[in-house]
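New to this one? Here is a quick briefing to read alongside the sequence and the 3D view.

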Amino acid sequence: MPFDAIVVGGSFAGLSAATYIARGRRSVCVIDTGSPRNRFAAASHGFFGQDGSDPRAMIAQARAQLATYPQVTFVAGEATDACVGEDFTVTLATGETLHAARLVLAHGISDVLPDLPGLAQRWGKSVLHCPYCHGYEFAERKLGVLAVSPLSAHQALLIAEWGPTTLYLDGGAMPDEATCARLVQRGIEIEPAALAALSGPGETLSGAHLTDGRTVAIDALYLAPRSRLNGPLAERLGCVLDEGPFGPVIRTDAAKLTTVVGVYAAGDIARAPHSVSWAVADGVTAGVSVHQSLAFAGLAA
Ligand SMILES: Cc1cc2nc3c(=O)[nH]c(=O)nc-3n(C[C@H](O)[C@H](O)[C@H](O)COP(=O)(O)OP(=O)(O)OC[C@H]3O[C@@H](n4cnc5c(N)ncnc54)[C@H](O)[C@@H]3O)c2cc1C
């Protein structure tokens with residue numbers, strides 16, 4: 001028996017979409033592998049009424065509430081393929097196939113971190129991407145920005161709002177004269193040397209080791225890494241992707257409909273910038289859009 005909708009990804013965006021589909025009394029299947037992007041952080045900041053909550057607890061609570069709706073089915077597993085025919089077919093890693101009239105992609109993105117010793121294990125703790133999420137906690141400490149793209153100088157200009165900031169060029173090109181002037185005006189130090197490693201007790205950061213032998217004291221390092229979509233589903237379905245500031249973004253309209261009729265996309269995969277609040281909002285939009293497209297299907301124009 002096909003579902004009214006399948007949602008691929010059961011985190012902030014996917015559970016929000018599924019909640020609105022279920023509340024519209026339509027059957028919905030949520031497929032999820034259980035690895036939200038912010039799983040590396042102990043606390044999620046900025047979401048209405050949940051500032052500082054454990055992100056996994058937020059998801060578990062939303063999932064438990066959604067599970068009380070009889071219209072909802074959860075599948076623990078990976079969606080590996082999807083195609084359009086008379087309806088949508090989603091293939092799981094087990095080989096099993098599921099069918100639905102509508103599809104919501106909410107499978108998130110992955111950050112592609114630079115290969116710097118000591119960086120990955122501090123991601124989400126003292127190596128961070130977003131000052132609005134994790135800047136307040138490091139206010140007035142020794143802050144750094146790792147240059148990974150031309151946007152990094154802009155990130156440094158912003159991070160300086162939270163404390164004294166150094167832009168680590170990591171052996172890369174010096175920003176142009178105008179940008180350097182703005183960095184200096186903002187009181188930002190520029191460190192041209194390449195980085196060898198990060199260190200500190202446990203997940204704490206205390207030192208940035210440079211390849212010339214120096215060690216610079218530091219409490220938090222920010223970077224805006226490249227990202228990739230979690231899986232090929234959007235491309236397999238023929239959805240148009242745009243190049244966003246950090247990586248590919250699935251193109252959607254105001255209803256979160258992709259360029260393929262019946263396929264919606266919500267959360268980090270379909271926007272930039274990213275946050276839990278925006279993912280939830282996009283999920284709500286996609287869920288309502290799916291519901292109304294089903295409710296009004298076949299009506300005379
Ligand atoms: C370290 C870090 C800390 C952050 N802190 C904050 C913060 O404090 N506040 C804030 O607002 N934002 C924060 N963010 C951003 C936030 O994590 C994202 O904006 C949010 O998680 C996006 O939600 P999403 O539902 O789009 O994707 P995700 O939360 O990434 O969820 C995607 C879900 O899809 C599943 N999935 C992936 N592929 C498949 C597949 N093929 N089949 C089935 N399931 C699949 C995954 O397992 C996951 O459960 C942080 C991000 C990072 C990296």
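The notes below take a strand, then the ligand shell, then one leucine.

Keep in mind that this is a predicted model. Strand β2 covers residues 28-32, and five of its five residues are buried. The ligand has 40 residues around it, and they come from two domains, with at least three from each. Further along the chain, L183 sits in helix α5.

**Strand β2 and its neighbours**

- Look at which way the side chains of β2 go: V28, V30 and D32 point to one side, while C29 and I31 point to the other, and all of them are buried.
- On one pairing, β2 runs parallel to strand β1 (residues 3-8), and four bridges join the two.
- To find that pairing in the 3D view, start with I6, which stands opposite C29 of β2.
- β2 also runs parallel to strand β3 (residues 72-76), this time with five bridges between them.
- Here a handy marker is V30, which stands opposite F74 of β3.

**How the chain links these strands**

- Helix α1 (residues 12-23) joins β1 and β2 in a right-handed β-α-β unit.
- β2 then takes part in another right-handed β-α-β unit, made with helix α2 (residues 55-66) and β3.

**Around the ligand**

- Which residues come nearest to the ligand? Of the 40 around it, they are G9, S11, N38, G108 and G267.
- Three elements each give two or more residues to this shell: α1, β2 and α7 (276-295).
- So far as residue classes go, the shell holds 21 polar, 14 nonpolar and five charged residues.
- Both domains chip in with at least three residues each: domain 1 is made of 3-111 plus 226-295, and domain 2 spans 114-222.

**A closer look at L183**

- Helix α5, the home of L183, runs over residues 177-185.
- Is L183 buried or exposed? L183 counts as buried because 20 other C-beta atoms lie within 10 Å, and the cut-off for buried is 20 or more.
- Leaving aside residues up to four places away in sequence, L183 touches A153, A156, L157, L167, P175, I188 and I190.
- L183 and A160 are 23 residues apart along the chain, and their C-alpha atoms are separated by 9.3 Å.

Definitions and conventions:
Residues are numbered from 1 along each chain as its sequence is written. This is a predicted model: local features need pLDDT of at least 70, side-chain atom pairs count only at pLDDT 80 or more; totals for chains, interfaces and linings use all residues. A residue is buried if 20 or more other C-beta atoms lie within 10 Å of its own, exposed if 12 or fewer, and partly exposed in between; C-beta atoms are placed from the backbone. Two residues are in contact if their C-beta atoms, placed from the backbone, lie within 7 Å. Two strands pair if DSSP finds at least two bridges between them. A crossover is right-handed if, with the strands pointing away from the viewer, the path from the first strand over the helix to the second runs clockwise. A residue is near a molecule or strand if its C-beta atom, placed from the backbone, lies within 6 Å of it. Ala, Val, Leu, Ile, Met, Phe, Trp, Tyr, Cys and Pro count as nonpolar, Asp, Glu, Lys and Arg as charged, and the others, Gly among them, as polar. Domain bounds come from an automatic or database domain assignment.
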